[in-house]
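Here is a short briefing to read with the model open beside you. It starts with one strand and its partners, then turns to a single residue and to the chain as a whole.

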Amino acid sequence: MTEYRTLIYTAKKSDAGLMARDVIHREFHLVAHDIASAKYEIEDGITIDGESVMINHTLKEGNVLAVKLMDRPSGKTVPAPGSLTIVFENEDLVVIDKPAGVVVHPSHGHFADSIGNFLAWHYQEEGEIHEVRTMGRLDKDTSGLILFGKSRTVCAHMLKQAEEGLRTKEYLALASGTFESVNGDVDAPISREYEEKMKRVVREDGDRALTHYRVLRQYDGYALLSVTIETGRTHQIRVHMAHIGHPLLGDPIYGTCVSEDQDPEGPKRALLHAYKVSFLLPFKGDRVTFVSPLPEDMRRLCPGFEYSEGDVET
């Protein structure tokens, strides 16, 4: 059975005389493929007051414009059972709290053990059909919040939010050393390392990368930071913190990873956590904010630290 997501908008006085196409673009941010699908593939895919119309139909104040979107399966993602911590879910998207050590989407060597595989299994078990796509990236060993859209339309909508600064993400990180300033910015281009496929370096011929950090707590030899980024380069926070002489604790590539023999209690990953996400619900406009508590390996290194409105800003 085909499932649909229906978007509804009631025309205002200022919309009178506008074509349905223009209002669909403005209010729903639909891509051309979704409009064409609603128009040609779905019965009564575009209606005004319940009557099927063409996209050049002009609106009157009070008209109810409705557009149907077709839910599609998640491509070639193999459904596989796995643990999921769902923080929030509605008809458009889902927010997952990812543990360290799990990849976000299928990739080489991880064809059936990613969050994407687990979500495909989850919706298969629920009898739901969605074109699930990740909105953002987290490294395998980075814990915290990650968003998945249930359609290309939602992903396009959320991408636009990110570009306009309406969708934000805040990280918490444990970085080595003693910081002289409470606040700092790192504006340094990042490029691929020639000798190592996965490694990134600061280099003049790289892509611009901008990171902001704030010291929340200074401990003996390391600090807890709040970090935001304006660009999304691979390993950006890890590269930038190492570049200024403060590599993340446990970072095996840009810092020092402590082995089990050296210190059974020491960090075994770069201690980075996607703590907070904030965005507008697609097609509704309500702002929502979600947070994920520090995982155990970071929490035990932060004695006395408690979240408060003054510690971490929206």
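In this predicted model, strands β9 (residues 168–176) and β15 run antiparallel and are joined by six bridges. Strand β15 is a good place to begin your tour, and its other partners follow below. After that come a buried histidine, H240, and some figures for the whole chain.

**Strand β15 and its neighbours**

- Strand β15 spans residues 272–280, and eight of its nine residues are buried, so the rest of the structure largely encloses this strand.
- If you want a landmark for the pairing with β9, look for K169, which stands opposite V277 in β15.
- Strand β8 (residues 143–149) runs parallel to β15, and two bridges join them.
- For the β8 pairing, find S143, which sits opposite H273 of β15.
- Strand β16 (residues 287–291) pairs with β15 in the antiparallel sense, over five bridges.
- Here the landmark is S278, with T289 of β16 opposite.
- As you step along a strand, remember that in a regular strand the side chains alternate between the two faces of the sheet.

**The β15–β16 hairpin**

- Together, β15 and β16 form a hairpin, and six residues lie between the two strands.
- Within that turn, F283 has a positive phi of about 70°.

**H240 in helix α5**

- H240 belongs to helix α5, which covers residues 236–243.
- Is H240 buried or exposed? Its relative accessible area is 0%, under the 20% cut-off, so H240 counts as buried.
- Which residues touch H240, leaving aside neighbours within four places in sequence? The contacts are V186, A188, I190, V202, A209, L210 and T211.

**The chain as a whole**

- In secondary structure, the chain has six helices and 16 strands.
- Its C-alpha atoms fill a box of roughly 70 × 40 × 40 Å, taken along the principal axes.
- Of the 314 residues in the chain, 46% are buried.
- Among contacts with a separation of 6 or more, 63% are between residues 24 or more positions apart.
- About 16,000 Å² of the chain is exposed, and carbon and sulfur atoms supply 50% of that area.
- The chain carries 36 positive and 49 negative charges, and the mean positions of the two sets are 4 Å apart.

Terms used:
Residues numbered from 1 in each chain as written. Predicted model: local features only at pLDDT ≥ 70, side-chain atom pairs only at ≥ 80, totals over all residues. Heavy atoms only, no water. Buried < 20%, exposed > 50% of the residue type's maximum accessible area, 1.4 Å probe, protein only. Helix = DSSP H or I, 4+ residues; strand = E, 2+ residues; numbered from the N terminus. Pairing = 2+ DSSP bridges. Contact = heavy atoms within 4.5 Å. Areas by Shrake-Rupley, 256 points an atom, 1.4 Å probe, with all protein chains shown as cover. Lys, Arg positive; Asp, Glu negative; His and termini not counted. Charge placed at Lys NZ, Arg CZ, Asp CG, Glu CD.
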